[in-house]
Amino acid sequence: MLQQTQVSRVAERFEVFVGQFPSASAMAAAGEEAVVAAWEGLGYYRRARLLYGAAVQICELHGGKVPRSTEALLALPGVGRYTAGSVASIAFDRRTPIVDGNVIRVVARLEAIDAAIDDPALVTRCWETAGALVRAAKSPGVLNESLMELGATVCKPGPPSCDRCPVRTQCAASRTGVASQIPRPKRRPVRQIVHLHTILFRRGDRVLLRQRPHRGIWAGLWELPSVESADSLESAAIETALGFKVGGLRPLETFKRLLTHREVRFHVFEASTRVRRGHWCDQAEAAKLAMAKPMRSLVDRRAWS
DNA sequence: AACTCGGGGTC
DNA sequence: GACCCAGAGTT
């Protein structure tokens, strides 16, 4: 849950989530869709599916207990070098290094390496340094957490608080006054604009929902039937792409949401025509299905009245 | 090696 | 608006 997600965001959700899935076997029994639904709003939803896969694997291969070795952890779905090292060192006291965004920033400054934060050579160097530090530490878990905490609270992105830094005298970037310029920012791709034409079908207290394709943005999450395109579409084109007759679309609203790689422009319509087939949900049923944040807000705003 | 995958905090 | 977040998996 902490992957690419700020601790404060996780802290709001962690207790409820763990209460719902208190063990690997409980998560495996609950099923993937329940895990994704519990993940709603956290983003990067593939993590939820991978976590479910890890729970299944832990049950089938490890008797329901989280494996203690870094290698076995690394073999679990969704567990990479960072996550394996974190669990191994912090939970199981293994002498394994970790490198996250915080550690990269700390090491880049300590050693005054002028490179972008995602530069592969810098990242490799960080694993080496983190390895040397954890080998020399009294407690691997405490060392690893300390490195991250230092990066999160003192050696922050932007101007660091070197005056409060416990290792300032050992920091090459601080000595030469370049700490605030290291590491360099990651180059970001231009955000592509995507138009999402979203159609509200209502029938009494029910609304028509469907599941998004299993790849791409919001993969496998539920939505009001939608047509995605590079440009905004006329009603006729929306009907064609939708695959069934709509017979009149009334525009309701438009809004925009920014994701890391996309700018999603919503064009919301209401259809007057009745559609018989499909997944018609009342409010309680819809509440149990995983939706992306903007889609959930839209449904809550428009579907029940 | 580059790309894809959310949503929000912070400046 | 830029930049980042206790990254991993795919192409």
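Start by selecting R250 and E270: R250 has E270, in β7, as its bridge partner. This is a predicted model, in which local features need pLDDT of at least 70, side-chain atom pairs count only at pLDDT 80 or more, and totals for chains, interfaces and linings use all residues. Residues are numbered from 1 along each chain as its sequence is written.

Next, select residues 262-271 to see β7, which pairs with β6 in the antiparallel sense over 9 bridges. Strands here are DSSP runs of E, at least two residues, and helices are runs of H or I, at least four, numbered from the N terminus; two strands pair if DSSP finds at least two bridges between them.

Now widen the view to the open sheet, whose 4 strands follow the order β5-β1-β7-β6 with mixed pairing. β5 (226-229) and β6 (249-258) are at the edges with a single partner strand each, so one side of each has no neighbour in the sheet.

Add residues 235-242 for helix α11, which lies across β1 (192-200), β5, β6 and β7 and runs at about 110° to β5. Axes are lines fitted to C-alpha atoms, for helices over the stretch in contact, with angles from 0 to 180 degrees between N-to-C directions. Contact means heavy atoms within 4.5 Å.

For the last stop, go to the second largest pocket and select its lining: V106, L110, L133, L143, S146, L147, L150, P166, V167 and Q170. α9 (140-153) and α7 (101-110) each supply at least two of these residues, and the largest share, 4 residues, comes from α9. A pocket is an open set of points on a 1 Å grid over the protein atoms alone, where a 1.4 Å probe fits, with protein on both sides within 12 Å along at least five of seven lines; lining residues have an atom within 4 Å of a point.

Technical notes
Chains are lettered from A and ligands numbered from 1 in the order in which they are written. Side-chain values use heavy atoms; hydrogens and water are left out.
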